[in-house]
Amino acid sequence: MAKSFNPSSVTQAALVLLLCFISLFNLPQTKALWLTLPSSGTKCVSQEIQTHVVVLADYYVVADNIKGHPLPTISVKVTSPYGNNLHHNENVTQGQFAFTTTESGSYIACFWMDSKNVDGTSISLDWKTGISAKDWDSVAKKEKIEGVELELRKLDGAVEAIHQNLIYLKNRESEMREVSEATNGRVAWLSIMSLGVCVSVSVLQLWYLRRYFQKKKLI
């Protein structure tokens, strides 16, 4: 006897596989960084980010072996690839910066101690970009979605982020290839010019020596 086809079982199996894929895909993409600041000097972290990407970061001083004393304060400065100041804070123990990138390149966050007489301390930096920086709780409340629909929305955002990153990498590869080809062309012309100069100098040397020996009646 032929077995009946049950669409609901297929749908449930598809949802289970989809949720498994989502759970694997949504593994934590960012982790808090633990930085130890020296008593003097600056420590910086950087990240390569393309344009139109949301960046969100929280930082705070960690109470490490501090008993009965106030937390030491730090200063923070965040700059864009072209040196624009995106965030600057002084004499703080915690803070947050958020912005949307307008330049492609390396974004740098630098931290240093305010007091030179205090031993080095540690800070925690939670730096999130792109899909990781999006507030999904607010999205879920605003659009009244939850469960599988919310996970599908997250997956769609992650796929879009991957697509944009691939386009960015493709454009960077194209730019690097053009620069490499232009450099190779300049090097080739420089080599030809150097060879021409060497040949010309050699011919002039032979002509000068020939005239010199003729004047001395040696040839």
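1. Let's start with one pair of residues. Leu35 has Ile123 as its bridge partner, and Ile123 sits in strand 8. That pair is a handy way into the whole picture, and keep in mind as you look around that this is a predicted model. Strand 8 covers residues 121-129, and strand 1 pairs with strand 8 in the antiparallel sense over five bridges.

2. Now zoom out to the sheet around that pair. Strands 1, 8, 3 and 6 make up an open sheet of four, in the order 1-8-3-6, with antiparallel pairing. Its edges are strand 1 (33-37) and strand 6 (94-100), and each of these pairs on one side only. On average, neighbouring strands here are turned by 20° against each other, if you ignore direction. If you're wondering what holds such strands side by side, strands of a sheet pair through backbone hydrogen bonds, either parallel or antiparallel.

3. There's another sheet to find. This one is also open and has four strands, running in the order 2-7-4-5, again with antiparallel pairing. Strand 2 and strand 5 (85-92) stand at the edges with a single partner strand each, so one side of each has no neighbour in the sheet. Neighbouring strands in this sheet are turned by 10° against each other on average, direction ignored.

4. For a closer look at that sheet, try strands 4 and 5. Strand 4 spans residues 74-79 and pairs with strand 5 in the antiparallel sense over five bridges. Which residue in strand 5 is the bridge partner of Lys77? It's His88.

5. On to the cysteines. How many disulfides does the structure hold? Just one: Cys44 is joined to Cys110, with 2.0 Å from S to S. The link of Cys44 and Cys110 is right-handed, with 105° about the S-S bond. Cys44 belongs to strand 2 (residues 42-49) and Cys110 to strand 7 (residues 105-113), so the pair ties together parts that are 66 residues apart in sequence. In case the term is new to you, a disulfide is a covalent bond between the sulfur atoms of two cysteines.

6. Is Cys110 buried or exposed? Cys110 is buried, because its relative accessible area is 15% and the cut-off for buried is under 20%. Its partner Cys44 is partly exposed at 39%. Cys198 is worth a glance too: it has a relative accessible area of 47%, which makes it partly exposed.

7. Next, the salt bridges. The count comes to three, and one of them joins Glu48 to Arg172, whose closest N and O atoms are 3.0 Å apart. Why might you pick this pair out? Glu48 is in strand 2 and Arg172 is in helix 3, so the salt bridge ties together parts that lie 124 residues apart in sequence. Glu48 is partly exposed, with a relative accessible area of 46%, and Arg172 is partly exposed as well, at 33%.

8. Compare that with the salt bridge of Arg177 and Glu173, where the N to O distance is 2.7 Å. Both residues lie in helix 3, four residues apart, which is about one turn of the helix. Arg177 is partly exposed at 38% relative accessibility, and Glu173 is partly exposed at 43%.

9. The salt bridge of Lys128 and Asp126 has an N to O distance of 4.0 Å. Lys128 counts as partly exposed, at 29% relative accessibility. Asp126 also counts as partly exposed, at 23%.

10. Last stop: the surface. Leu204, Trp207, Tyr208, Leu209, Tyr212, Phe213 and Leu218 form a nonpolar patch there, and together they have about 760 Å² of accessible area. Among them, Leu204 is found in helix 3, which runs over residues 147-215. Leu204 counts as exposed because its relative accessible area is 54%, and the cut-off for exposed is over 50%. Try colouring the patch in your viewer and picking out Leu204 on helix 3.

Terms used
Residues are numbered from 1 along each chain as its sequence is written. This is a predicted model: local features need pLDDT of at least 70, side-chain atom pairs count only at pLDDT 80 or more; totals for chains, interfaces and linings use all residues. Side-chain values use heavy atoms; hydrogens and water are left out. Two strands pair if DSSP finds at least two bridges between them. Helices (H or I, at least four residues) and strands (E, at least two) are DSSP runs, numbered from the N terminus. Axes are lines fitted to C-alpha atoms, for helices over the stretch in contact, and angles run from 0 to 180 degrees between N-to-C directions. A disulfide is a pair of cysteine sulfur atoms within 2.5 Å. Buried means under 20% relative accessible area, exposed over 50%, partly exposed in between (1.4 Å probe, protein chains only). Patches are made of residues with over 30% relative accessible area and no salt bridge: like charges are joined within 9 Å, nonpolar side chains (Val, Leu, Ile, Met, Phe, Trp, Tyr) within 5 Å. Accessible areas come from the Shrake-Rupley method with a 1.4 Å probe; for residues, only the protein chains shown count as cover. A salt bridge is a side-chain nitrogen of Lys or Arg within 4 Å of a carboxyl oxygen of Asp or Glu.
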